[in-house]
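This report goes through the architecture of one protein model, moving from its sheets to its domains and then to its internal spaces. The sequence and coordinates come before the discussion.

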Amino acid sequence: MVCDSYAEDMDNVDTVRRGLIAAVIGGVAAGGVFSPAATYLDQFAPLSGDVWNATTDQPPSDVDGPHGQATLQYDGRRVPEVSADEEAALYYAVGYAHGTDRLFQMDLQRRLLRGQLSAVVGDAALDSDEFHVRMDFARAAAANWTALQSRNPAVADILDAYAEGVNAARDDQHLPPEFELLDFEPADWTPADTLILQLQIAWTLTGSFETLRRARIRDALGDDYDALFPRRYDHDSPILRGSASFAERRSAERDAAVPDAALTDWLSAFESPDGVGSNSWVVGGDHTDSGSPILANDPHLSLLAPPVWYQQHLDADDYWVRGVTFPGVPFVVIGENHAGAWGFTNVGADVLDCYAYETDGDQYRYRGEWRDFDTEEHTIEVADGDDVTVTKRTTVHGPLVEREGQRVGVSWTGLTATSTTDAVYAFARSDGLDDFRAAVRDFDLPTQHVVYADRDGNTYYKTTGRIPIRRVDGDAVPGWRVFDGSAGEAEWEGFTPYGESTWDGFVPFEEKPGAVNADYVATANQRVVDDPRHYLAESYSTPFRGERIYELLDGWAGDRDLTPADMRALQTDALDTRARRLVPRVLDAVDVESAGTPFDALPDWDYRMTPESEAALAFATFLDAYRERLYSEGFDAVGLGADDWPTDWVTVHLEDDASWFERAETPESATAAIGAAVDAAAARIADEGWETYGDYNVVALEHPFDQSFLNYPEFETDGSPATVNNFRRDSDVGASWRMVVPMDGEATVVLPGGNDGDPFSESYDDQLRAWADGDYYTFDRTFDGRTVRFGGGE
Amino acid sequence: MRRIVLAGVVLATFALSVVHWLGLLVGGVAVGLLAGSWPRALAGGAGFGLVAWLGFLAVLANAGRLDGYLASGQLLYVSLAIPLVLGAVGALSFFFRTRGRTA
């Protein structure tokens, strides 16, 4: 009886225990499936995790290419060589490569321009989406696609084939890890997406609301404005030297409106980051060791993980071309082909105007009559939130951007159909200088300095892109003020927003600056010429890089013939001419020996911003503190912020007797500010524990998600915002591609990162260390990696 | 015989792990049911998870992704912990078939 009872008790205990164990195991299983942990298990569980499936998936060996045979083969750094006899097959395979290696980046960029980021990242991107919807870049891209199909069906067919290739790669393989992390799938890639990416690049380089910012600063600073924000920097290193003296244009007219900070600050958030620009130069054969030209280019864009550029080599039936393109764009944008090489830098041309209107509700006054705004309701989808509806308004000039009751109309040359795609396609096929010059005529957007060299020994420089001529009362006027849109002031003749433009009222191609077979030409976003025939730009970049490039080229060319190694040394030159101007003043004002390390290194410094330099650390931190002392309180007092401060050109030239120092909120003098800045810089260095410039000047590039496993490793590097080796630690802008191409000799290149967008790939960041160290790889590659054959291609 | 069954079960659940993480839990359950003692069950469950993780490393190495994975920090730790924990929890199944024995 006792035994039976014991057995019964034990059975009960077993039942309870089994139930408990079942509950634990079942609970873990259920919790893993239904709780928030499910996302992590689905994404990161070894073997089955979506992220791991995404990263380990590789393109298949054979793909049914609908356009004929093609072959794609990678080298050891994930650079593809694509070969085909037919261009449709060639660019289908290029699309497949981009879709395999950079699909997330491509999707993110088109979402940015289309105002669709909030749909995947939530309301943090709502401001961005609203701006891009109001500008209606999507409508401009659609207009561009419509025009391209009738203007150049051959190129349109290539964009179609490219899009098919992107979509085939998407369908054949797991989506990149980022799609798994955000849990969404990309829509079909379309030719209009390619064109909207071109608009994104153009906007980055030319979409500037400087007119609005300057109007507000001018209004706030009054008489001090001209000294702190000169229209012209006083230097002798324009791109084309030896032209007539500068005839400064003045505009007696006032702004039609001065929008306040609510609008200008909001718009400024969508302009390019500080420091976007570039270097390029071309040296004629008379000055080279080989007797053939050498071309160099390093575009300074945002440094991202992965990079903005994608390197590719293409072999067609009757030409080859290699270089870099923006993922999403099929054609090599910067590079070389069988006949020559080319590169670009930004002009900084004024191709955006703002117009103020007399308005009444949904009407605006235009040339004496009231007109309705063209309006359209647009719904912005928001992940984990309510959709937001934006009313898009346009006028005869273009989109109306508005914020907190402030409104301005915007004309931008990118908001109409352009033939830039035709030009970039033609560059790849060009067979020498004449071909290339013909193609440059179609390069409508963005306004760029193009440099070119061919294997016959020719060189070429040209300011490209459509630049409007504004007229008020029949007279040409600069575009540096807000115009009266209601009066029809300064309209762009021949410009049709969201349609096809005739460009009748724009600067004729022949009247834009250029040079054929010059000794050498150097472009670094500085003033183009001293006295241009037409108004070109509201302002140019500071001339620090331009003057240094010419200083070295002049010196070297006077002594000897130049080599590709000289060009690489020039691209990575780290001498800071700001320091050369300012450090002697520091030494006069302060006893740096008593200031201690690292300031006691300044007297013997060669002004080179290199990682091992103590003096470079002293100068960089001093300059940060000096700006703060000069401007912070003075600008605060008139309602302006740090983004509104003058450039470093003004800063290093600001003398003790400047009227700026007569204000109550400013230092007593520049000399007084120097002393205070050295003290502040010393305190900062002590706080941070920095010892050399390499501790301060770190390249730390982030993936858009800013997760440690997606970001790039950090390296110290050379350069500063004012050296030829342009690196801006505060805005992560620098050389996004370095290329030195002799017409006779070994070409060298390097990317700041890697060609593969997969964060777990060895080629995600395998060029970054070389880039940070100023090293290069040969342009020639050995393609012996994974191979994909299309349509039975060999 | 038990070893042959164990090997077959491990292979089957490993294959299941390739398509869903529940395979890691099921593998632990299978090992626990076949273990002769709780310590062996626990070691077997965690060991199954470790084997699955090593297999995962082989997959990554084959795809040229091992270095990137080993440098991924937090992701590395999470993806190592998942099979170890699931395998060990699954091994609790040992207590399904025993009558009060805990060692």
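## Sheets, domains and enclosed spaces

In this predicted model, A:Ser83 stands opposite A:Asp315, a residue of β6(A). The two strands concerned are β3 (residues 80-84) and β6 (residues 310-315) of chain A, which pair in the parallel sense over 3 bridges. Both belong to an open sheet of 11 strands in chain A, whose order is β1-β32-β2-β3-β6-β7-β8-β9-β18-β19-β23 and whose pairing is mixed. At the edges of this sheet stand β1 (62-63) and β23 (514-516) of chain A, and because each has a single partner strand, one side of each is left without a neighbour in the sheet.

Another open sheet of chain A is built from 4 strands in the order β16-β17-β10-β22, again with mixed pairing. Its edge strands are β16 (400-403) and β22 (483-484) of chain A, each of which pairs on one side only. Strand β10 (residues 352-356) of chain A pairs with β22(A) in the parallel sense over 2 bridges, and A:Ala356 stands opposite A:Asp484 in β22(A). Across β16 and β17 (406-412) of chain A lies helix α7 (residues 126-135) of chain A, which runs at about 150° to β16(A). The loop between β16 and β17 of chain A holds A:Glu404, a residue that has a positive phi of about 50° although it is not a glycine.

Two further backbone features of chain A involve prolines. The peptide bond from A:Ala305 to A:Pro306 is cis, with omega near -5°, and A:Pro306 lies in the loop between β5 and β6 of chain A. A cis peptide bond also joins A:Thr597 and A:Pro598, where omega is about 0°; here the proline is placed in the loop between α20 (592-595) and α21 (614-637) of chain A.

At the level of domains, chain A is divided into domain 1 (2-52), domain 2 (229-252 + 272-350 + 420-474 + 502-571) and domain 3 (577-699). The C-alpha centres of domain 2 and domain 3 of chain A lie 33 Å apart, and 11 residues of domain 2 are in contact with 14 residues of domain 3. Chain B, by comparison, has 6 helices and 0 strands, and its C-alpha atoms fill a box of roughly 45 × 25 × 20 Å, taken along the principal axes.

What spaces are found inside the structure? A search of the whole structure finds 4 cavities of 30 Å³ or more. The table sets out the two largest cavities together with the second largest pocket.

| Space | Volume | Residues nearest the centre |
|---|---|---|
| Largest cavity | about 300 Å³ | A:Ile201, A:Phe326, A:Val333, A:Phe443, A:Pro446 |
| Second largest cavity | about 240 Å³ | A:Thr100, A:Asp101, A:Pro176, A:Pro177, A:Asp758 |
| Second largest pocket | about 1200 Å³ | A:Gln109, A:Leu112, A:Gln200, A:Ser302, A:Leu304 |

The largest cavity is lined by 26 residues, and the elements that give two or more residues to this lining are α11 (191-206), β4 (277-283), β5 (294-302), β9 (340-346) and α15 (420-429) of chain A. Among these, α11(A) gives the most, with 6 residues. The lining of the largest cavity divides into 17 nonpolar and 9 polar residues, with no charged residue.

For the second largest cavity, the lining also numbers 26 residues, and at least two of them are supplied by each of α4 (87-101), α5 (103-114), α9 (153-172) and α10 (177-182) of chain A. How do the residues of this lining divide into nonpolar, polar and charged? The lining of the second largest cavity has 10 nonpolar, 7 polar and 9 charged residues.

The second largest pocket is lined by 41 residues, and α5, α7, α11 and β5 of chain A each supply at least two of them. Helix α7(A), described above as lying across β16 and β17 of chain A, thus also contributes to the lining of this pocket. The residues lining the second largest pocket divide into 26 nonpolar, 10 polar and 5 charged.

Definitions and conventions. Residues are numbered from 1 along each chain as its sequence is written. Chains are lettered from A and ligands numbered from 1 in the order in which they are written. This is a predicted model: local features need pLDDT of at least 70, side-chain atom pairs count only at pLDDT 80 or more; totals for chains, interfaces and linings use all residues. Side-chain values use heavy atoms; hydrogens and water are left out. On a 1 Å grid over the protein atoms alone, a cavity is a set of points where a 1.4 Å probe fits but cannot get out, and a pocket is an open set with protein on both sides within 12 Å along at least five of seven lines; lining residues have an atom within 4 Å of a point. Grid points are joined across faces, edges and corners, and a volume is the space filled by probe spheres set on the points. Ala, Val, Leu, Ile, Met, Phe, Trp, Tyr, Cys and Pro count as nonpolar, Asp, Glu, Lys and Arg as charged, and the others, Gly among them, as polar. Two strands pair if DSSP finds at least two bridges between them. Contact means heavy atoms within 4.5 Å. Axes are lines fitted to C-alpha atoms, for helices over the stretch in contact, and angles run from 0 to 180 degrees between N-to-C directions. Domain bounds come from an automatic or database domain assignment.
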